Amino acid sequence: MTRVFCMLLVLCVLLSSCTGAAPFQNEELLRPPRLTEEQREIENALIASVNSENLTFKYPKSGEHRSAFIFQDIDGDSQDEALVFYMTNASDSTFLSVLDRMPDGKWYSPYAIGGPEGNVEFVEFAPMTDPSRYDILVGWSDVSGQQKRLAIYSYLNGRLENRLKDGPQSYETYLAADLDGDQLSELALISIDRDDRSHWLHLFAYNGFTVDVYANDVALSDYMMGCAGIISGRISQTDPRIGIFIDEILEDTLVTEVFVCERPSGEDNRRSAGKFLRNIIWEDMSDLSEDSPADGAGSMEDDSGEINAFTLYELTRRSGNTDICRDLNGDGIIEIPTGRLMPGYEDYDAADQIYLTQYKHLQNNALGNVYSAAINWNSGYQVEFPPSWVDHVTVVNQPENNEWRFIEYNSQLQNNPLEDWSSELMRIRVVSHKDYQDRSIENYTVLAVRGAFTYYAYIPETASGSLSITMEQLKDKMFSLTERKGVFET
Ligand SMILES: [Ca+2]
Ligand SMILES: [Ca+2]
Ligand SMILES: [Ca+2]
């Protein structure tokens, strides 16, 4: 199995595990054993409207809404409607039915619409056409799961109306978010060209009548094999623009591209009616080579003094065993993770190398560091590195006792510096309650307990010097638990 395939598999597992999906998708098995009174009323209203008792419910495979009955206020009257996907034995189509309530509270089914494909990937709600109510986004897929099409519906005047101008659109990944602050969500889609396997980013938005193409389509990286993540958010503290951050899988690495949607400016513009997607991780750098800023700020000159147009993009290239873009601290600004090889690992096989993960912001055409951490994905914890540790402290993995040892790195040593414990600063060991616990653990301090695992730390008495830390610093500031997703490597 190739590593990338493993990664994709892992992402699938991760996505499903986050939301507690059942390990199998058999529709009958997933059917809730007992309906609530309200659900029974809804089911009866549906049966009455389709005039059939042979209903098979369909469940969205992923996303937040996975039950047979999905409740959401989709007309802005402060009362939830219900959405149900079903098939009957009278047709091969899968239908989406909306159920609403009469003034007396009785449920009825005003409308059902057939889907372009038979299976339901996801349902999401976003204000695409009116800030006062949610539209319905549905990912439909064929039996193979290969052909996926996204549709947008509005519940208007008792009907479900298709809102995309050219009907449901092929997609692999999507993002609905307000990119320009007008209270309406735009829709970003990533699609694959089946002929040459190229990946494309499309942007759609409401134009007052229908949801239509909003900006030019842009090609994503050549050789992109899949999308590990797509998220939108502020670019930096000083830049108010909202970026679309796309984590791309290239072979066994991840890279990030960042796009902003801009209004054309200047006179030479035949696209003045539309907006365009600017790839700020590439284009801004390319621009520098043409008209270098007067103060030279942000220019990324290499040793020969030449400006490397692809530096920022290349700087985001990292091992597939790293993180994806996210808002780590909830301040609305997206952090881009990058990998920095720990000292001493230059000549190691890729599988044995250990990286420091550095989360960065785009700042004036450069990547500014926000946060550095040694992240143990297998064990689900991280240790923040203070700036003084970066490039001076390294991590040695001791798989036999599930321990990471943090040592001050001294490249001048005659023997392998990664085996020199004299400069050890601390250890972190993760112990399952099922494991044999040797007596050395008695000197360790418990940092955290999660499920069957206890996270221990040990600081040698010999640890001294400017890089040494106390147990309090480690416990209170540097150590934290993370998601476990080390399955990337297995
Ligand atoms: Ca409502
Ligand atoms: Ca918007
Ligand atoms: Ca942030």
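**Exercise 1.** In this predicted model, work out whether D391 counts as buried, partly exposed or exposed, then say where D391 sits and what its phi looks like.

*Solution.* Start with the neighbour count: D391 has 14 C-beta neighbours inside 10 Å. Buried would take 20 or more, and exposed 12 or fewer. The count of 14 falls under neither heading, so D391 goes down as partly exposed. Next, location: D391 belongs to the loop between β24 and β25 (393–398). Last, the backbone: phi is positive, about 75 degrees, even though D391 is not a glycine.

**Exercise 2.** Run through those steps again for N51: buried or exposed?

*Solution.* Count first: N51 has 8 C-beta neighbours inside 10 Å. The cut-off for exposed is 12 or fewer, so N51 counts as exposed. Now place N51 on the chain: the loop between α3 (37–50) and β1 (56–58) holds it. Phi of N51 is positive too, near 60 degrees, and again the residue is something other than glycine.

**Exercise 3.** Take the sheet that contains β24 and find its strand order, its edge strands and the link between β24 and β30.

*Solution.* Lay out the order: β21-β22-β23-β24-β30, an open sheet of 5 strands with antiparallel pairing. Then look at the ends: β21 (336–341) and β30 (479–481) each have a single partner strand, so each keeps one side without a neighbour in the sheet. As for twist, neighbouring strands are turned by 35 degrees against each other on average, direction ignored. Finally, zoom in on β24 (residues 381–384): 3 bridges tie this strand to β30, and the two run antiparallel. For Q382, the bridge partner in β30 is S480.

Definitions and conventions
Residues are numbered from 1 along each chain as its sequence is written. Chains are lettered from A and ligands numbered from 1 in the order in which they are written. This is a predicted model: local features need pLDDT of at least 70, side-chain atom pairs count only at pLDDT 80 or more; totals for chains, interfaces and linings use all residues. Two strands pair if DSSP finds at least two bridges between them. Helices (H or I, at least four residues) and strands (E, at least two) are DSSP runs, numbered from the N terminus. Axes are lines fitted to C-alpha atoms, for helices over the stretch in contact, and angles run from 0 to 180 degrees between N-to-C directions.
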